[in-house]
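Grab a coffee and work through these exercises with the model open beside you. Each task comes with a solution that goes step by step.

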Amino acid sequence: MLKDSKAFSGFSVNDIDAAYQFYSGILGLQVDKTDEMGGMLTIHINGNANNILVYNKPDHTPATYTILNFPVKDVEGTVKQLTSRGVKFEIYDSEYLKTDEKGISKGNGGPTIAWFKDPAGNFLSVLDPESGS
C-alpha cells in the first residue's frame, strides 16, 4: 500500500525566516518558502528527488538526535567551508565519542562525521559514509 508512496521527511523549527536563511544562505541548499500554516520550507535535495518539509512550530523543542545527514566525500573540507560561513560544529570529549578541535569524529567505530545545529537547535551532520570501521 505505501511502498510506492513518495514519502518525505519533516521537522519543526521555531523561526521559519532564520531557518530559511540558514538552509538556503549558509548551507546553500535549494529552498522554497511559503506562508501557509504559519510558514513552511521545502528543502530540495538532488533537485526534486528528495524533499524535506520544515514547518514553523512556536513551541518547538529541538531534536536531541541527528535529523538530517549530508553525505560528503571530504568531511574536513566541508567543515572548513561551513565554519567559514559561521557554522559552529559540536565538540565532544567523552568515553563514547570524541571529536578533534574542529568537531570531526574519526575512528570511533563509525564514519568520519561532524555534527552542527540549525538555528532552532536541531542536530545535522556531514559524514563520509565510505570511511570508518
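Which residue just after H1 takes a positive phi? Gly-28 does, with a phi of about 75°.

Before going on, some ground rules. This is a predicted model, in which local features need pLDDT of at least 70 and side-chain atom pairs count only at pLDDT 80 or more, while totals for chains, interfaces and linings use all residues. Residues are numbered from 1 along each chain as its sequence is written, and side-chain values use heavy atoms, with hydrogens and water left out.

**Exercise 1. Look over helix H1: find its buried residues and check how it starts.**

Step 1: Get the limits. H1 covers residues 16-26; helices here are DSSP runs of H or I with at least four residues, strands are E runs of at least two, and both are numbered from the N terminus.

Step 2: Pick out the buried positions, meaning under 20% relative accessible area (exposed is over 50%, partly exposed lies in between, with a 1.4 Å probe and protein chains only). You should end up with Ile-16, Ala-19, Phe-22, Tyr-23 and Ser-24.

Step 3: Think about the spacing. An α-helix has 3.6 residues a turn, so residues three or four places apart point the same way.

Step 4: Go to the start of H1. There, a side-chain oxygen of Asp-15 comes within 3.1 Å of the backbone nitrogen of Asp-17.

**Exercise 2. Track down the salt bridges of Asp-17 and Glu-76.**

Step 1: Set the cut-off: a side-chain nitrogen of Lys or Arg within 4 Å of a carboxyl oxygen of Asp or Glu. Searching the whole structure turns up four salt bridges.

Step 2: Start at Asp-17. Its partner is Lys-33, with 2.2 Å between the closest N and O atoms. Asp-17 sits in helix H1 and Lys-33 in strand E2 (residues 30-34), so to speak distant parts of the chain, 16 residues apart. Asp-17 is partly exposed at 45% relative accessible area, and Lys-33 is partly exposed at 39%.

Step 3: Move to Glu-76 in helix H2 (residues 75-84). Its side chain meets that of Lys-102 in a salt bridge of 3.3 Å, N to O. Lys-102 lies in the loop between H2 and strand E6 (104-105), 26 residues from Glu-76.

Step 4: Look for another partner of Glu-76. Lys-106 also forms a salt bridge with Glu-76, the closest N and O atoms being 2.4 Å apart. Lys-106 is in the loop between E6 and strand E7 (112-117), so this pair ties together parts 30 residues apart in sequence.

Step 5: Put the pieces together. Through shared partners, salt bridges join Glu-76, Lys-102 and Lys-106 into one network.

**Exercise 3. Describe the largest nonpolar core and two of the residues you meet on the way.**

Step 1: Define it: a nonpolar core is a set of buried Ala, Val, Leu, Ile, Met, Phe, Trp, Tyr and Cys residues joined through side-chain atoms within 4.5 Å. In soluble globular proteins, nonpolar side chains tend to be buried together.

Step 2: Find the hubs. The largest core has 29 residues, and Tyr-23, Phe-116 and Val-126 touch the most other members. H1 gives the most to this core, with four residues.

Step 3: Zoom in on Val-126. Leaving aside neighbours within four places in sequence, its contacts (heavy atoms within 4.5 Å) include Phe-70, Val-79, Leu-82, Phe-89 and Phe-116.

Step 4: Finish with Phe-11 in strand E1. Phe-11 is buried, at 6% relative accessibility. Not counting residues up to four places away in sequence, Phe-11 touches, among others, Tyr-23, Leu-53, Ile-67 and Asn-122. The C-alpha atoms of Phe-11 and Leu-53 are separated by 6.6 Å, although the two are 42 residues apart along the chain.

Notes: Polar contact = N/O pair within 3.5 Å; in protein donor to acceptor, adjacent residues only side chain to side chain.
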